[in-house]
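Hi,

Here is the structure I promised to pass on. Have a look at it first, and my notes on what turned up follow below.

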2 protein chains.
Amino acid sequence: MSEGIDGEGATQGPPRETGQGAGWYDADDERRFLADYDPNAFAPAAVTVDVVALTIRAGLPRVLLGRRARQPQRGRWALPGGFVRARAGSAGPADPDLPDAALRVLTEKTPLPAEIHLEQLGTYGAIDRDPRMRVISVAYMVLAPDLPDPHSGRDTAEAAWVPWTALGHGEGAGTEHELAFDHARILGDAVERARSKLEYTALATAFLPPAFTITALRGVYEAVWGHTLHAANFHRKILATPGFVEDTGELAERGGAGGGRRARLYRAGGAALLHPPLLRGSP
Amino acid sequence: MSEGIDGEGATQGPPRETGQGAGWYDADDERRFLADYDPNAFAPAAVTVDVVALTIRAGLPRVLLGRRARQPQRGRWALPGGFVRARAGSAGPADPDLPDAALRVLTEKTPLPAEIHLEQLGTYGAIDRDPRMRVISVAYMVLAPDLPDPHSGRDTAEAAWVPWTALGHGEGAGTEHELAFDHARILGDAVERARSKLEYTALATAFLPPAFTITALRGVYEAVWGHTLHAANFHRKILATPGFVEDTGELAERGGAGGGRRARLYRAGGAALLHPPLLRGSP
DNA sequence: TCAAAAGTGTTTTAATTACACCCATGG
DNA sequence: CCATGGGTGTAATTAAAACACTTTTGA
């Protein structure tokens, strides 16, 4: 990990030769080295996590945002985020790994269900992305079913599930919904990732409750991709894809608002990847 | 970016209210805030980059590794890596962005051609991944054509393009080629990413020189995927995929070793994504 | 002239699409 | 009993896989 094979600052003092020349791995020598090591001899950097939590509510794809109550970028909408706890301190225990940090900052905003899809999106570290200092931010994407309204949290004036279509990924400068820092870019990357992963993975079920209808599943695709799909062919294709969904044997409560047959309920199947994939370019 | 909307340590002192209540964005207030800001009030973390540079040489897929000349993990093979330069200092100027840091540590090992594919793989930050301290490492993947032998560099006893099949991604514990830290996991993630991206992107050409034959392109797929492909159908499919390759009008120097027709030379086309994709499951 | 590699034709098979139609339910 | 949404049948289209075959070159 870490400094790998080279890297300035990666070693302290001259190399400790132990008579083996080119140097094969020696566990005793390593133990002596670590006993002498000073962890504060390195140039520090601030590391944060930002979470793009996506859901679908009322047919619209939405992202969890909070309006910043403090400087910098006070008043702007921003992704939930926070510093990674590198070690235990007054604020609490250390985050064992980066996903723990992501879930920690997210649960400050909203309760989470037992099953949640969390994946790393990417890391953003441009030198000018935060006006205060060099900050390197690891972004995560969360896909969740429709959740209760969020609470605002300590540094947030308000928090809400905002339709991402209102944000104009990357553009939207000067609008009411302009995002703080480079969060518009991070959101744009998350949306593109989600759109693309619906094609070749079974991820769409992460947006739904444990039991759902094929029509609800189609609603996920239509909301995320932004266009309608052929209902009959979609239905058949889902059922023909091994492991995508499993029949629960139950039926949904009622048909559509103005009548209609009651739909069968399915649960997510075991498959992670779809063979064959669903392609986006279909009507 | 950075601390997003919440995050402990994200603010210093009480919020500065300016009489606007819920707080809309105010550029003047932000300017005053930044003038007072102390960048050293944060818990630091070490941030590094590690680079998985992949190529194909003599029909084998290979990764650039160096043998560590210093503790910790002295004698083990490791990925090229180094600390991100958060700000300018005695070691040199700051890295403007993370990809700059990745290219910097890579050019310490090998000269690079003009065109190079660099993409971020992911960030690794488990609390125990480095025995010295909490280190968060941003991993990059580079795909390169066959390059000259690498130079060893300051902290490296030797450097080489090692066939990744000899490394057993993630396993290989106790073998001569066991990797340092969590580099086996990072390499495994890179290999899986490369295998998967060959399916639906035109990335295979990144492993080849500017002009190449369809057979050489097939060799890339066969090396990375680890099985042979049907030559005739592969040929046709490549040419049928719009924008994958363009005919140069030239022919390769000679046919195969023991005779054979001279192959046409192609260059990479403009397309980034393949429609339709090439699927891995084909003989 | 023979073997090796490049490249084309053609048949078989499977997946996708489009459109027609039946089923179940609420008003 | 009819509008609405769920669900199935089936033919037309298109892409993939398998296999046979021609072309070009080096030894």
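**Notes on the DNA contacts**

In this predicted model, a base nitrogen of DNA strand D sits 3.1 Å from an N or O atom in the side chain of A:Arg261. Strand D has other base contacts too: one of its base oxygens is 3.0 Å from a polar backbone atom of A:Gly260, and a base nitrogen is 3.4 Å from an N or O atom in the side chain of B:Arg236.

Around DNA strand D there are 23 residues, and A:Thr215, A:Arg261, A:Arg264, B:Asn233 and B:Gly260 come nearest. By class they split into four nonpolar, 10 polar and nine charged. At least two residues each come from α4 (214-225) and α5 (231-240) of chain A and from α5 (231-240) of chain B. Of the strand D atoms within 4 Å of the protein, 62% are sugar or phosphate, with the rest in bases.

Now for DNA strand C. B:Arg236 has a side-chain N or O atom 2.9 Å from a base oxygen of strand C, while B:Arg261 places a polar side-chain atom 3.4 Å from a base nitrogen. On the backbone side, a phosphate oxygen of strand C is 2.5 Å from an N or O atom in the side chain of B:Thr215. Two or more residues each are supplied here by α5 of chain A and by α4 (214-225) and α5 of chain B.

Strand C is surrounded by 24 residues, with A:Asn233, A:Gly260, B:Thr215, B:Arg236 and B:Arg264 the closest. Their classes are four nonpolar, 11 polar and nine charged.

Cheers

Methods: Residues are numbered from 1 along each chain as its sequence is written. Chains are lettered from A and ligands numbered from 1 in the order in which they are written. This is a predicted model: local features need pLDDT of at least 70, side-chain atom pairs count only at pLDDT 80 or more; totals for chains, interfaces and linings use all residues. Side-chain values use heavy atoms; hydrogens and water are left out. A residue is near a molecule or strand if one of its heavy atoms lies within 4 Å of it. A polar contact is a pair of N or O atoms within 3.5 Å; within protein, one must be able to donate a hydrogen and the other to accept it, and residues adjacent in sequence count only if both atoms are side-chain atoms. Helices (H or I, at least four residues) and strands (E, at least two) are DSSP runs, numbered from the N terminus. Ala, Val, Leu, Ile, Met, Phe, Trp, Tyr, Cys and Pro count as nonpolar, Asp, Glu, Lys and Arg as charged, and the others, Gly among them, as polar.
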